Amino acid sequence: MTTQSKSILITGVAGFIGRYVARHFSEQGWSVIGIDNSPPENAPLANLSAYQRLQLPDPALNGLLQERTPQVCIHCAGRASVGLSLTDPAADFYASTALTFEILNALRLNVPSCRFIFLSSAAVYGNPESLPVSETQSSAPLSPYGFHKWQCEQLCLEFAKVYGLPTASLRIFSAYGPGLRRQVLWDICQKVITQNSLTLQGTGQESRDFIHALDIARALSVVATSAPMQGEVYNLGSGREVAIAQLANLVLEALDADCSPQFDGVVPAGTPLNWQADISKLKTLGFTPSVPLERGVKTFANWCRAELVGV
């Protein structure tokens, strides 16, 4: 397969991760086809060879697959909020589990050799039995969001085993990077920049494993070209555990702020306590993270300041 013949379909291409993935594959010489429900002016058209505005599931996907016959499909569409999944589990189910089934079935019927990569989440682990958590540990989700991600992984395994569709799932830990206007890093930056104070939920000792979106895109490229694609799952993190209090201090330093982080001691429902990924399985395919957290946080903080105050 020549570089020019490689084509990839990305769902949710106008979203946070979808944009990074489109840019990475475009820079690698792939023909990138994007799908999203956003109008074209909000899509990353500079990195796309074609864009189709669709609210998936949509029967038009069948025609698109027959016309374009992508070699790889990366499914970035879907909800990304634990809190919303708790208040509206039905919407999360249809945007996650049901939609993933529809896409897998469309691939089975139209392009059965297409390599399908599902963006799962560390939320499938809940509170892991031990750290760093490996893919062999039992799943124990704490939220509908985590349960639905796990169900999607099972669908990928089902289509691989029953129909021979090449699939793999990546359990993404805490994604971040410029463009992400939600979750803890944005929350910290937003409060420091606009309020010059910082009070966060929890104790500060909860921890996460942060992975920059640039590295997520690189990992997806490695899996797309090197993984066996038999329905297997891979952890995608940096392998480094960082307490939220430590993260807050990194942001304060990056913003040269003079306030101190405070914590309310209340851990929201559905929130795991500590995460650290064992990424040895993904490393065997040739992936290593490239963006140190300190550098990534500094870049993110500067982007937030430009977004919020314009300088």
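Start with strand E5: select residues 115-121. Six of these seven residues are buried, so the strand is largely enclosed by the rest of the structure. Keep in mind that this is a predicted model.

**Either side of E5**

Add strand E4, residues 72-75. E4 and E5 run parallel and pair over four bridges. To find the register, pick Val72: Arg115 in E5 stands opposite. Then pick His75, whose bridge partner in E5 is Phe118.

Now add strand E6, residues 167-172. E6 is also parallel to E5, and six bridges join the two. Here Phe116 stands opposite Thr167.

Show helix H5, residues 144-163. Follow the chain from E5 through H5 to E6. This is a β-α-β unit, and it is right-handed.

**Along E4 to E1**

Go back to E4 and turn on its side chains. Val72 and Ile74 point one way; Cys73 and His75 point the other way. All four are buried. In a regular strand, side chains alternate between the two faces of the sheet.

Next, select strand E1, residues 7-11. E1 pairs with E4 in the parallel sense, again over four bridges. Thr11 of E1 stands opposite His75 of E4. His75 thus has a place in two pairings: Thr11 is across from it in E1, and Phe118 is its partner in E5.

**The nonpolar cores**

Switch to the nonpolar side chains. The largest nonpolar core has 66 residues. Select Ile17, Val21, Phe25, Ile74, Leu220, Val223 and Leu236, which have the most contacts inside this core. Ile74 is already on screen as one of the buried residues of E4.

Apart from this core lies another, of 24 residues. Leu56, Leu99, Ala106 and Phe118 are among its members. In soluble globular proteins, nonpolar side chains tend to be buried together.

Zoom in on Val223. Beyond four places in sequence, Val223 touches Arg115, Ile117, Ala168, Leu170, Met229, Leu282 and Leu285. Arg115 is the residue that stands opposite Val72.

**Asn235, a buried polar residue**

Select strand E11, residues 230-236, and pick Asn235. Is Asn235 buried or exposed? Asn235 is buried: its relative accessible area is 0%.

What does its side chain reach? One polar contact, at 2.7 Å, is with the side chain of Tyr125. The Asn235 side chain also reaches the backbone oxygen of Asp278, at 3.1 Å.

Expand the selection to the surroundings. Not counting residues up to four places away in sequence, Asn235 touches Tyr125, Val133, Ser134, Glu135, Arg171, Phe173, Ala277, Asp278, Ile279 and Leu282. Leu282 also appears among the contacts of Val223.

**Ser207 in E9**

Move to strand E9, residues 207-208, and select Ser207. Ser207 has 2% relative accessibility, so it counts as buried. Show Asn274 as well. The side chains of Ser207 and Asn274 make a polar contact of 2.9 Å.

Leaving aside neighbours within four places in sequence, Ser207 is in contact with Glu241, Val242, Ala243, Ile244, Leu273, Asn274 and Trp275.

**Leu48 in a loop**

Now find the loop between strand E2 (31-36) and strand E3 (50-53), and select Leu48. Its relative accessible area is 14%, which falls under the 20% cut-off, so Leu48 is buried.

Which residues does Leu48 touch beyond four places in sequence? They are Val13, Ala22, Val32 and Gly34. Pick Ala22 and draw the distance between C-alpha atoms: it is 7.1 Å, for residues 26 apart along the chain.

**Zoom out**

Finish with the whole chain. Colour by secondary structure: there are ten helices and 13 strands. The C-alpha atoms fill a box of roughly 55 × 45 × 40 Å along the principal axes.

The radius of gyration of the chain is 19 Å. A compact globule of 311 residues would have a value near 19 Å, so the two agree.

Colour by burial next. Of the 311 residues, 52% count as buried. Last, consider the contacts with a separation of 6 or more: residues 24 or more positions apart account for 79% of them.

Definitions and conventions: Residues numbered from 1 in each chain as written. Predicted model: local features only at pLDDT ≥ 70, side-chain atom pairs only at ≥ 80, totals over all residues. Heavy atoms only, no water. Buried < 20%, exposed > 50% of the residue type's maximum accessible area, 1.4 Å probe, protein only. Polar contact = N/O pair within 3.5 Å; in protein donor to acceptor, adjacent residues only side chain to side chain. Contact = heavy atoms within 4.5 Å. Core = buried A, V, L, I, M, F, W, Y, C linked by side-chain atoms within 4.5 Å. Pairing = 2+ DSSP bridges. Right-handed = clockwise from strand over helix to strand, strands pointing away. Rg over C-alpha atoms; globule rule 2.2 N^0.38 Å.
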